[in-house]
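The exercises below concern charged side-chain pairs and the surroundings of a ligand. Please work through each task before reading its solution.

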Amino acid sequence: MANSRIAGFFKLPKEQKLAALQQQTDLNQQDMLAWDNGGLTYENADHMIENVIGLHSLPVGIGLNFQVNGRDVLVPMVLEEPSVVAGASFMAKLARSTGGFTAKSTPPEMIGQIQVLNIADMEQAITNVNLRKSQLIEMADGIDPILKKFGGGARDLIIRRFDQSPVGPFLVLHLIYDVRDAMGANAVNTACEKLAPEIEQATGGKVHLKILSNLADRRVTTASCRIPASELAFDGYSGEEVRDGIIAAYAFAAVDPYRAATHNKGIMNGIDAVVMATGNDWRAIEAGAHAFAARNGSYTSLSKWWKNDAGDLMGELEIPMAVGTIGGATKVHPAAKAAIKLMGVRTATELAEVIVSVGLAQNLAAIRALATEGIQKGHMGLHARQVAIAAGANSDEVDVISARMVEQKAIRVDLAEKLIWELRNLGAKE
Ligand code: MEV
């Protein structure tokens, strides 16, 4: 079993980092190569989208220290923003003291929507659909024999009625489909399209849209963690102070949509990074997450933080997680395949549970920083490095230039350029 605690990982040169990963997992040289060159060839890319002119790369970092449902997992994260990987890894380390994250999921059921317009008799249409319901479900169930073989298939057909809309009344049927390890869009869209003629016959109406809903509120993963207050103490802040500060930060997001948007953005920093690393559709995840956050009529925090009777900090994140481990880019993109292998997840549900745990860890990292020293302090060093690189510092110069900017509490490209000039022309002053 992998050990996700690799001491001093961040200090290792790239080859040693890769070797350390290889030691913990069954990744081979070929898998590693996917990260070395970004994974995609032009030919691969040219088959994925249209008008392809090249490739666009982003860093892959490893989230360390994660333990999810008792299993250590090394988490690949793809994003451009500094501090996210380090923040999530640090919070995963704190959560380890109580066994890491516990996660659970509902079955991987997606919703396909079928809109039916021009219905002359609503009551009769509803009665007819109800009468044919089991036949329609059976029909949808037979559409994807592969999914059926692995235990998936159509589960239900739910009727929703909209009496008032800009085009008058219409019906919407929700086809509930268990998509197992797929993200499910293809299976569900196909099933909805195939059912359309039968539904027109049953309702006497005209089927209009037939499409998956990204509000995947039947495919929800919940991750939770417990952190003893003593683990939270640092730099003169007591554990209780940090814990209560985190709870007050959560309270802000719970009641104010302006804050909730930013709070949830922090959660998505962690979530999207793993979704991207595994070749999944992060727009679908974003759409589902924010719609879910507003499901009770006002937009609120996706996570909850409170203290238990023993005074430990308790956290929970519940979110729709429509990700797959088969189909789409997950199977085409070599780096996505390597990412799934690195995590050692066997099902889409296991992948979802790791992703939501990373979201919770990332949320904790952000609100812990905000509730104590502020976000800029942690950000400053990494931000300074980016500014130094943007100003033209080479790899031998980046550390010294960024350290000098942090010292001067001014992180600007013009200052970095001046410092680079001084370093090159006047040498080190110290
Ligand atoms: C920045 O990318 C994310 C944060 O704004 C999240 C938050 O405010 O909770 C730091």
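**Exercise 1.** Determine how the side chains of Arg180 and Asp178 meet, and whether each residue is buried or partly exposed.

Solution. The Arg180 and Asp178 side chains form a salt bridge with an N to O distance of 2.8 Å. The term denotes a side-chain nitrogen of Lys or Arg within 4 Å of a carboxyl oxygen of Asp or Glu. Next, consider accessibility, for which buried means under 20% relative accessible area, exposed over 50%, and partly exposed in between (1.4 Å probe, protein chains only). Asp178, at 2%, is buried, whereas Arg180, at 29%, is partly exposed.

The model is predicted: local features need pLDDT of at least 70, side-chain atom pairs count only at pLDDT 80 or more, and totals for chains, interfaces and linings use all residues. Residues are numbered from 1 along each chain as its sequence is written, and side-chain values use heavy atoms, with hydrogens and water left out.

**Exercise 2.** State which parts of the chain the salt bridge between Lys341 and Asp31 ties together.

Solution. First, the pair itself: Lys341 and Asp31 meet through their side chains at 2.7 Å, N to O. Second, the elements: Lys341 belongs to helix H13 (residues 334-343) and Asp31 to helix H2 (residues 29-36), so the salt bridge ties together parts 310 residues apart in sequence. Helices here are DSSP runs (H or I, at least four residues), numbered from the N terminus. Third, the accessibility: Lys341 is partly exposed at 31%, while Asp31 is buried at 14%.

**Exercise 3.** Identify the residues linked with Asp163 in a network of salt bridges.

Solution. Begin with Arg161, whose salt bridge with Asp163 has its closest N and O atoms 2.8 Å apart. Asp163 has a relative accessible area of 43% and Arg161 one of 36%; Asp163 is partly exposed, as is Arg161. Adding Glu123 completes the network of Glu123, Arg161 and Asp163. A search of the whole structure finds 21 salt bridges.

**Exercise 4.** Describe the shell around the ligand: which helix gives the most residues, and which side chains approach ligand oxygen atoms?

Solution. Helix H10 (257-277) and helix H14 (348-371) each supply at least two residues, and H10 gives the most, with 6 residues. Polar side-chain atoms lie 2.6 Å from a ligand oxygen in Glu81, 2.7 Å in Lys265 and 2.9 Å in Asn269. The protein covers 85% of the 300 Å² of accessible area that the ligand has on its own (Shrake-Rupley method, 1.4 Å probe).

Terms used
Polar contact = N/O pair within 3.5 Å; in protein donor to acceptor, adjacent residues only side chain to side chain.
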